[in-house]
Amino acid sequence: MEIASTRTARPLVTARTAAVWAVLRRELERHAGRELTVLDVGGGTGGFAVPLAEAGHTVTVVDASPDALAALTRRAADAGVAGRVRAVQGDGDALAGLVEPGSVDLILCHAVLEVVDDPAGVVAAIAGALRPGGAVSLLVASRAAAILGRAINGHLRAATAVAADPEGRAGSRDTLRRRYDADSAAALLGAANLQVEQTHGVRVLADLLPAAVVEEDPQALLDLELELSARPPFRDIASQLHLFARKP
């Protein structure tokens, strides 16, 4: 569907989201003038969904939390885009039964694969839901960051546990079921025939710096985060890894 507006999303960008939004904006500009069908898996209260709807796209948010979806609905209404945002209760593992195959232009899957039962199944469902040429924005927790963060804070045994565990867990009390590096995340996408086009680090330094440093010059931190986001080895120590892939 063609739309009159060629606006792109203009959310409140911080050092914690800038690298992701930079990639998403380029994708929206690639389709300027066209209304995209977007699916946000685990999209919660709409931090990405509402700005995308404001940019003229239709967004379905799938999330397991009814409270988060209620907050999403209010947020969309307050932004005047309630008609462009649809809330669906469900989790990532049930995605294949919630979305029509080959119906979506852009899928966001942020902080989901770390907690689902079957990450490969979720990625396969994402690939099935995408139209040919459609893209997925995947955001996953970084194993390297978990090791570094724990070590810096003096939790050496926990850091060793994350390093030694096949899934990158810190033990039975870890809130995440797994963590990734760039290669393991790319392999998961590749197994579903999704071709990785870009890999960035998100929150390369933001989670390591004292709050006073972050608050003193947030623009300088944002600029530095963007500068380092695509550069190994800095990219690889980021708290999260962002992979952008496309369905042939």
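# Reading backbone and helix features

Guide: Let's start at Pro233, which sits in the loop between α9 (218-228) and β7 (240-246). Keep in mind that this is a predicted model.

Visitor: Is the peptide bond from Pro232 to Pro233 cis or trans?

Guide: As a general idea, most peptide bonds are trans. Here, the bond from Pro232 to Pro233 is cis, with omega near 5°.

Visitor: Now phi. Which residue in the loop between β4 (104-110) and α4 (119-129) should I look at?

Guide: Most residues other than glycine have a negative phi. In that loop, look at Ala111, whose phi is positive, near 55°. Ala111 counts as partly exposed because its relative accessibility is 44%, which falls between the cut-offs of 20% and 50%.

Visitor: Where is Arg203, and what is its phi?

Guide: Arg203 belongs to the loop between β6 (195-202) and α8 (211-216). Its phi is near 65°, again a positive value in a residue other than glycine.

Visitor: How do I read the two sides of a helix?

Guide: An α-helix has 3.6 residues a turn, so residues three or four places apart point the same way. Take α7, residues 182-191, where Ala182, Ala185, Leu188 and Leu189 are buried. They lie on the same side of α7 because they cover an arc of only 130° around the axis. Asp183 and Ala191, on the other side of α7, are exposed.

Visitor: What do the buried residues of α7 pack against?

Guide: Their partners are α4, β5 (130-141), β6 and β7.

Visitor: And what can I see at the start of α7, and just after the helix?

Guide: At the start, a side-chain oxygen of Asp181 comes within 3.1 Å of the backbone nitrogen of Asp183. After α7 comes Asn193, with a positive phi near 65°.

Visitor: Let's zoom out. How many helices and strands does the chain have?

Guide: The chain has 9 helices and 7 strands. Its C-alpha trace spans about 55 × 40 × 35 Å along the principal axes.

Visitor: How does the radius of gyration of the chain compare with that of a compact globule?

Guide: For 248 residues, a compact globule would come out near 18 Å, and the chain has 18 Å, so the two agree. In addition, 48% of the 248 residues count as buried. Of the contacts with a separation of 6 or more, 73% come from residues 24 or more positions apart.

Visitor: What area does the chain expose?

Guide: About 11,600 Å², with 53% of it supplied by carbon and sulfur atoms.

Definitions and conventions
Residues numbered from 1 in each chain as written. Predicted model: local features only at pLDDT ≥ 70, side-chain atom pairs only at ≥ 80, totals over all residues. Heavy atoms only, no water. Helix = DSSP H or I, 4+ residues; strand = E, 2+ residues; numbered from the N terminus. Buried < 20%, exposed > 50% of the residue type's maximum accessible area, 1.4 Å probe, protein only. Arc of directions from axis to C-beta. Contact = heavy atoms within 4.5 Å. Polar contact = N/O pair within 3.5 Å; in protein donor to acceptor, adjacent residues only side chain to side chain. Rg over C-alpha atoms; globule rule 2.2 N^0.38 Å. Areas by Shrake-Rupley, 256 points an atom, 1.4 Å probe, with all protein chains shown as cover.
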